[in-house]
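This report describes how the chains of a model meet, what space is enclosed inside it, and which backbone details stand out for inspection. Please keep the sequence and the structure in view while reading.

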Amino acid sequence: MIAIELRGINKSFGPVHANKDVALNIDKGTIHGIIGENGAGKSTLMSILYGFYEADSGDVLINGEVTRIRSSHEAIAAGIGMVHQHFMLVDPFSVVENVMLGAEGGALLDKGIDKTREELERLKREYGLEVPVDSLAGDLPVGLQQRVEILKALYRGAQILILDEPTGVLTPQETDQLFRILKALKDQGVTVILITHKLQEIMAVTDGVSVMRGGEMVAHRKTSETSKEELAELMVGRKVLLKVDKEAAQPQEAALKVEGLSVIGADGVARLDNVSLSVRRGEIVGVAGVSGNGQSELLAALSGIVAPSKGKIALNGTTITREKPLDASEFRDLGVAHVPEDRHRMGLVTAFTADESAILGYHRDEAYNGAILMKRNAIVEDCAQKMADFDVRPPNPKLKSANFSGGNQQKIVLAREMAQKPNVLLVGQPTRGVDIGAIEYIHKNLVAMRDAGAAVLLVSVELEEIMSLSDRILVMFEGRIVGEVDAKDANERMLGLMMANANPETDPNGKAQAAGDMQEGAEL
Amino acid sequence: MDDFFILLVSTLDATIRVAAPLVLAALAGLYAERSGVIDIGLEGKMLAAAFAAAATSFVMNSAWAGLLAGISISVILALIHGFACITHKGNQVVSGVAINILVAGLTVTLGIAWFAQGGQTPSLTNDARFSPLLWPGAEAVKDIPFIGGLYTEIISGHNLLVYIAYLAVPLTWWVVYRTRFGLRLRAVGENPAAVDTAGISVTALRYQAMICCGFLCGIAGTYLSTAQNAGFVKNMTAGQGFIALAAMIFGKWKPVPAMMACLLFGFLDAVANRIQGVSMPLVGEIPVQLIQALPYILTVILLAGFIGKAVAPKASGIPYVKER
């Protein structure tokens with residue numbers, strides 16, 4: 001039986017044809033993956049299903065019947081539930097209040113609250129979806145917040161559940177749990193649509209998969225009859241190298257040494273807690289961890305954005321301490337380049353043209369300045385060169401930074417920082433929101449920097465990225481470094497356990513410890 | 001001691017009367033801000049309602065007609081604010097300021113055009129005002145020491161609108177925390193996207209909140225011109241809308257604490273009126289200007305540092321744009 005059928009869906013936004021003649025069949029009680037690069041039209045398609053937009057033409061059939069979905073309200077009535085990438089929770093509300101919002105069952109809340117509690121109890125029994133119902137949603141860890149989102153959908157009687165990039169914020173363990181829940185839902189006859197760009201997850205959990213590219217459905221496959229390589233090629237439209245091609249590292253002397261570094265926030269909480277590390281020339285050191293465990297503060301401290309509260313940073317013979325802090329431009333003068341985690345907030349100014357964004361932080365450089373005025377032509381030429389080197393599209397230095405795709409914005413930032421031939425390159429989330437084709441390119445360049453003798457510190461929440469690029473891997477948890485592994489010996493489960501600090505001992509016996517935990521983990 | 005008691009009772013009595021319009025306006029602001037719409041225009045709505053109520057009462061010779069007019073004009077202004085901020089996603093502060101400026105000028109202009117008394121409305125007779133309601137037995141118990149004074153002066157003897165103001169506090173609490181509308185109201189001010197994806201219209205909810213806001217501001221303004229005073233005087237709100245806004249923030253967007261803050265401001269005002277010209281021990285006579293400035297100084301001090309962590313509804317001030 002077919003739960004959802006889409007026939008000839010078209011949707012345009014002005015000149016952009018976001019969905020072209022999209023057709024899709026999804027069997028009831030299956031998990032179906034939809035993959036595609038950013039801008040391939042996945043989100044538009046799901047928005048049409050959830051009633052945010054109405055299609056310009058085409059039909060949506062739910063359980064074989066043509067259904068018009070003009071609002072979220074009608075989508076809910078048709079049995080469609082959605083778990084958004086950014087959770088739609090009211091932080092100061094309890095779980096119960098969040099679940100009942102919009103389905104209160106009467107003008108007064110008293111009865112609704114009791115009914116919701118009973119219903120949550122039932123859902124817990126049926127699907128093993130346990131949550132502390134009286135906690136405030138904002139206090140829950142992200143894994144549980146996501147569970148609340150799933151409960152919201154089920155509470156409203158969803159028979160079709162759409163999940164938009166659900167694993168971006170989860171640890172590997174939380175991801176496993178989510179997948180177990182999805183499988184339980186499937187066994188109960190719920191149809192699950194999983195939107196993701198992680199090929200590995202498609203392979204792990206789906207029954208079928210559809211690939212979108214440029215607004216069109218380019219392929220439908222049974223998961224058991226396809227491979228990551230094939231899917232990647234379908235997504236991008238050309239052969240893609242999923243594995244990073246790199247030689248063994250040739251590390252030299254340490255370019256960056258950190259000893260006992262702490263950064264204490266305004267509220268007195270240590271964001272970075274006694275961190276020691278070193279990065280040698282010619283190696284990439286990866287920092288893994290669930291987002292928000294001190295990685296951002298580490299990058300901020302190492303690039304001069306915040307001053308250390310304790311400890312010291314040694315760079316090229318200069319020692320930076322609380323008493324002798326340096327600012328970000330002085331760090332740059334010492335040969336530290338920084339590709340920030342959030343390119344919109346810190347990497348570039350979206351309202352600036354590309355050539356302006358491409359010199360930020362180095363704008364006082366002689367090459368760009370005359371006696372009084374800036375050398376506009378030199379700046380444009382410089383940017384054109386960087387764009388050529390990094391294959392930025394479109395190669396137009398006068399285009400506003402905001403008008404480039406995420407991948408191309410990131411290439412502009414990378415080009416700017418790499419052009420300085422830094423001794424130390426700090427890179428935060430280099431491929432967040434970046435298309436698979438651009439990821440390949442960015443990774444290649446990071447390895448090239450390493451081979452040219454830079455010390456590269458890579459912070460990423462993507463374990464795959466950390467594992468494929470790094471020579472050594474550090475794991476952060478609550479501001480501390482809780483483990484260090486050689487990349488050759490690392491695997492996802494072991495890093496995942498360290499990220500959740502399931503590994504009680506910190507180094508030096510990290511490897512053995514993690515291996516022990518792995519077996520425990522396997523029994524969970 | 002007896003003198004002190006009489007002074008205390010009269011001060012508390014004045015506190016309740018002075019705080020009543022503040023309470024109404026603060027609750028009005030609470031509905032707006034809980035829904036995510038900042039309303040700087042409380043002041044303007046009160047002033048417009050005060051003028052409309054006084055003018056209508058005078059013409060119709062009916063306080064009730066005045067109340068209806070006051071509420072109507074205030075709701076209309078609230079809807080204009082909503083149209084600018086909700087439908088057209090304009091800047092909420094600018095729209096509020098615009099309403100304040102518009103009303104400040106328009107009331108005087110219309111007042112001069114209609115009544116030719118320099119922008120005032122003619123004095124209202126008692127029929128056209130809300131007069132004090134004497135509670136049963138108030139006269140009888142008046143002379144009983146302590147309790148008599150409390151009952152007669154503080155509980156009894158206020159006009160209807162004062163009682164409405166203080167009844168609006170538990171009512172608002174009940175609406176905000178115990179009803180479906182309240183749950184959605186709180187949600188839409190925190191995370192409108194959550195409300196939207198739950199299949200509820202953000203726009204409709206915010207307009208409903210603005211109607212509540214206008215309704216309460218209308219009563220507050222009517223109170224100023226037809227209950228506390230006997231007619232409209234140019235700029236008679238004199239910043240009370242802003243004080244109410246401050247009280248609401250001071251009360252952390254919660255009805256009962258907001259009322260407490262209003263009572264505190266009312267109390268200061270009442271005290272200020274009573275220590276004018278009185279020679280105080282040590283400091284001597286306090287200048288009138290300083291006393292009159294006291295509530296405002298206190299507002300600044302309280303808001304600057306003494307309210308602890310006041311967390312506004314997260315989406316307050318941000319127009320909701322569907323992001324997809």
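## Salt bridges and the chain interface

Over all chains, the count of salt bridges comes to 34, and this figure, like every other value below, refers to a predicted model. Between chain B and chain A the count is three salt bridges. One of the pairs joins the side chains of A:Asp91 and B:Lys314, with an N to O distance of 2.8 Å. A salt bridge also links A:Glu97 with B:Arg186, where the closest N and O atoms are 3.5 Å apart; this pair crosses between chains, running from helix α3 (residues 95-100) of chain A, which holds A:Glu97, to helix α8 of chain B, which holds B:Arg186. In general terms, side chains of opposite charge can pair when their charged atoms come close.

How many residues does each chain bring to the contact? Chain B contributes 22 residues and chain A contributes 29 residues. The size of an interface is often given as the accessible area lost when the parts come together. For chain B and chain A the buried area is about 2,200 Å², and carbon and sulfur atoms give 59% of that area.

Polar contacts add to this description: across the interface of chain B and chain A, seven residue pairs are in polar contact, with both residues at pLDDT 80 or more. On the side of chain B that touches chain A, the elements giving two or more residues are α7 (160-178), α8 (180-190) and α9 (192-197) of chain B. Of the elements on this side, α8(B) gives the most, with six residues. By class, the residues of the side of chain B that touches chain A divide into nine nonpolar, four polar and nine charged.

## Enclosed space

A search of the whole structure finds two cavities of 30 Å³ or more, and the table sets out their volumes and the classes of their lining residues.

| Cavity | Volume | Lining residues by class |
|---|---|---|
| Largest cavity | about 110 Å³ | seven nonpolar, three polar and three charged residues |
| Second largest cavity | about 30 Å³ | six nonpolar, no polar and two charged residues |

The largest cavity is lined by 13 residues, of which A:Tyr50, A:Met82, A:Lys152, A:Ala153 and B:Thr197 are the closest to its centre. The elements that give two or more residues to the lining of the largest cavity are β6 (80-83) and α5 (142-155) of chain A.

Which residues line the second largest cavity? The lining of the second largest cavity is made by A:Ala358, A:Cys383, A:Lys386, A:Met387, A:Val392, A:Lys411, A:Ile412 and A:Ala415. At least two residues of this lining come from each of α13 (376-390) and α14 (406-418) of chain A.

## Backbone details in chain A

The loop between α13 and α14 of chain A contains A:Pro394, and the peptide bond that leads from A:Arg393 to A:Pro394 is cis, with omega near -5°. The helices on either side of this loop, α13 and α14 of chain A, have already appeared as contributors to the lining of the second largest cavity.

A further backbone detail concerns A:Asn274, which lies in strand β12 (residues 270-280) of chain A. Is phi of A:Asn274 positive or negative? Phi of A:Asn274 is near 55°, a positive value in a residue other than glycine.

Notes
Residues are numbered from 1 along each chain as its sequence is written. Chains are lettered from A and ligands numbered from 1 in the order in which they are written. This is a predicted model: local features need pLDDT of at least 70, side-chain atom pairs count only at pLDDT 80 or more; totals for chains, interfaces and linings use all residues. Side-chain values use heavy atoms; hydrogens and water are left out. Contact means heavy atoms within 4.5 Å. Buried area is the accessible area (1.4 Å probe) that two parts lose on being put together, summed over both. A salt bridge is a side-chain nitrogen of Lys or Arg within 4 Å of a carboxyl oxygen of Asp or Glu. A polar contact is a pair of N or O atoms within 3.5 Å; within protein, one must be able to donate a hydrogen and the other to accept it, and residues adjacent in sequence count only if both atoms are side-chain atoms. Helices (H or I, at least four residues) and strands (E, at least two) are DSSP runs, numbered from the N terminus. Ala, Val, Leu, Ile, Met, Phe, Trp, Tyr, Cys and Pro count as nonpolar, Asp, Glu, Lys and Arg as charged, and the others, Gly among them, as polar. On a 1 Å grid over the protein atoms alone, a cavity is a set of points where a 1.4 Å probe fits but cannot get out, and a pocket is an open set with protein on both sides within 12 Å along at least five of seven lines; lining residues have an atom within 4 Å of a point. Grid points are joined across faces, edges and corners, and a volume is the space filled by probe spheres set on the points.
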